[in-house]
Amino acid sequence: MDNITIARLLDETAALLEIDAADPFRIRSYRRAAEAIEQQTTQLSTLIADTKQLLAIPGIGKAMAANIVDLVNTGTMPLRDELLTKYKPTMLELLRLPGMGPKTVALIWSSLQVADIDALEEAAKAGHLNKLPRMGEKFTTKLLKGIEDHRKNSSRFRIDQAQDHAERISELIRAFPGIETITPAGSLRRGRETVGDLDLLVTGPACEPDVVAAAVEHVATLPLIDKLLAKGQNKVSFTLRNNLQVDVRLLPRASYGAALQYFTGSKMHNVALRQRAIKRGLTLSEYALLRLEDNKIIAAASEEEIYNALDLDYIPPELRENCGELEAAAAHTLPKLITLADIRGDLHMHTEATDGRDTIRQMAEAAIARGLAYIAITDHSKNLAMTNGLDDARALAHIKRIREVDAEMQGRIRVLPGIEVDILAEGQLDLDDSTLAQMDIVVASVHSRFDQPIEQMTDRILRAIENPHTRILGHPTGRKVLKREAYAVHIDTILKRAAELGVAVEHNASPARSDLNDLNLRLAKQHGCKIVVDTDAHATEELDQMRYGITQLRRAWLTKDDILNTQPTAEALLSQLRPKP
DNA sequence: GCCGTTTTCGGCCCGACTGTTTTCAGTCG
């Protein structure tokens, strides 16, 4: 049993304890243990012989160590088994629905014996929920919409999770001698925010037709396979325990480029590309670009050759959506897309002062290691009480400390004092203007209640950016729960006003938090918004999430010039932001 | 359940917002 599984089982146990109305602190310790285990680099299953090493992990005590030993040895543990006799595992899925917490799940179970989403939907539609306390018309409406959204999204995986799986699987495949290159294709390569399944293209001497069988066998017996779906001559399909489907194709080097092109898609891009080939007396398949009259191979080994043979510049995968990229490639007018190396600073991150894990100094050192020239420390303000948010006095003390660290860095990096201030219900910020005046970077963000009416939400944000201290609007959209059509109006209004005021809008690079998708980014550019891309890192390693933000920027056809934090120095960056009052 | 002790139990991030209340429980971040 690997660490991820152990963590998941402990987390599930925590959720079941919540439904069981157990001691909240006991629940939290299960959650904390799960988080700690996820962070471990060594597999706990190799440590169970010596519990001392388990106990050395913060958050793991005697009882939790025993749980881990049980999990590794038996696949389950007594507390979990006991809870599962009282409750159903499908209840855990109910907890993911908006508005459904442990109390509500427990209530509908005890009163209606409803334990899964289908039954809940039925009960809601039949009006059974309305008989329960505190569940009226509005609750039911919201719940049914939540169920609908949940069904739509639950079958896709976030890009960072898919990327992690791709890397893990690639490592195992690469252990086979004679395998040289493994490239994820499909929507992962195109940088979509979510992917439906994973396509891995593999090549090397071991993938040549006469010897490929052994490599196929190696892939088909990988230890992390849950269900083997298919095993062909050069293709293996399987699912992981989390239901992610993986298709691995082993291809000879001669046709690798054609296969990569074909499996990267998108479908519409490929259709348009093949039409272009036919007009030129050629035919494009997953094996090669051929001349129709004599089947002569024109190009196959690399994507560049294929595009060039079709009189096109090379098209980066992020642009392959048949949205004008073929025309631009033919006219040699493709934009020079932004790259990770263009980013010189990160303007949104948290430290241990609030809900971050590391110190100001550690964040600064980590940023230096990633080649950045400047960062802003933007911890939470007091309204986010759960994060230990800073009140005015603590915020002022904090920026004093930030300035000290800035001086200590002796020019190796600039560390700017900042704050992520919370936008209250009426649109006012939750710290004094005199405090905000001390900050170089003021990121104003809405945190609570993303499900309020769209007009109210828009109004709230518009008022917040009228405040002259607001320099960056953090996660400007009410993510997840807003209806598409309402959302479009909402974001349009906000981006327009931000552009007028010179308030920069944030593109949160972290896939978990990102809410400006490529469409919104394009819209922001159209409106003339200043755009900042940042990680909202809560720990040093999260600074690496910048790469996902860059992918989204590339999908929106953005270049270095479109993004503020490509400015070479902190001073240059600050001069691009809205002037301080 | 974990931790840190003044070694044996008390403390452990908490405030805003919503719905359906008629004074608050539940959810969320």
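The dialogue below covers the fold of chain A, the surface near DNA strand B and one residue, threonine 76, in a predicted model.

Q: How many helices and strands does chain A have, and how compact is it?

A: Chain A holds 24 helices and 17 strands. Its radius of gyration is 26 Å, close to the 25 Å that the globule rule gives for 581 residues, so chain A is as compact as a globular protein of that length. The C-alpha trace spans about 75 × 60 × 55 Å along its principal axes.

Q: What share of the residues of chain A counts as buried?

A: Of the 581 residues, 53% count as buried. The accessible surface comes to about 26300 Å², and carbon and sulfur atoms make up 52% of that area. As for contacts with a separation of 6 or more, 66% join residues 24 or more positions apart.

Q: Which residues come nearest to DNA strand B?

A: There are 35 residues around DNA strand B, and Arg26, Gly99, Thr104, Gly136 and Met386 come nearest. On the DNA side, 68% of the strand B atoms within 4 Å of the protein belong to sugar and phosphate. By class, this protein surface has 16 nonpolar, 10 polar and 9 charged residues.

Q: Which helices supply at least two residues of the surface near DNA strand B?

A: They are H2 (24-39), H4, H7 and H9 (137-153). Helix H2 gives the most, with 5 residues.

Q: Which atoms of DNA strand B lie by the backbone N or O atoms of glycine 59, lysine 103 and methionine 386?

A: For glycine 59, a backbone N or O atom lies 2.9 Å from a phosphate oxygen of the strand. Lysine 103 also has a phosphate oxygen as its partner, with a backbone N or O atom 3.4 Å away. For methionine 386 the partner is a base oxygen, at 2.3 Å from a backbone N or O atom.

Q: Which residues of helix H7 are buried, and what follows the helix?

A: In H7, residues 102-112, the buried ones are Pro102, Thr104, Val105, Ile108 and Trp109. Glutamine 113 follows H7 and has a positive phi, near 55°.

Q: Where is threonine 76, and why does it count as buried or exposed?

A: Threonine 76 sits in the loop between helix H4 (62-74) and helix H5 (78-86). It counts as buried because its relative accessibility is 18%, and buried means under 20%.

Q: What does threonine 76 touch?

A: Leaving aside residues up to four places away in sequence, threonine 76 touches Asp70, Leu71 and Asp81. With aspartate 81 there is a side-chain to side-chain polar contact of 2.8 Å.

Conventions:
Residues numbered from 1 in each chain as written. Chains lettered and ligands numbered in written order. Predicted model: local features only at pLDDT ≥ 70, side-chain atom pairs only at ≥ 80, totals over all residues. Heavy atoms only, no water. Helix = DSSP H or I, 4+ residues; strand = E, 2+ residues; numbered from the N terminus. Buried < 20%, exposed > 50% of the residue type's maximum accessible area, 1.4 Å probe, protein only. Polar contact = N/O pair within 3.5 Å; in protein donor to acceptor, adjacent residues only side chain to side chain. Contact = heavy atoms within 4.5 Å. Near = heavy atom within 4 Å. Nonpolar A, V, L, I, M, F, W, Y, C, P; charged D, E, K, R; others polar. Rg over C-alpha atoms; globule rule 2.2 N^0.38 Å. Areas by Shrake-Rupley, 256 points an atom, 1.4 Å probe, with all protein chains shown as cover.
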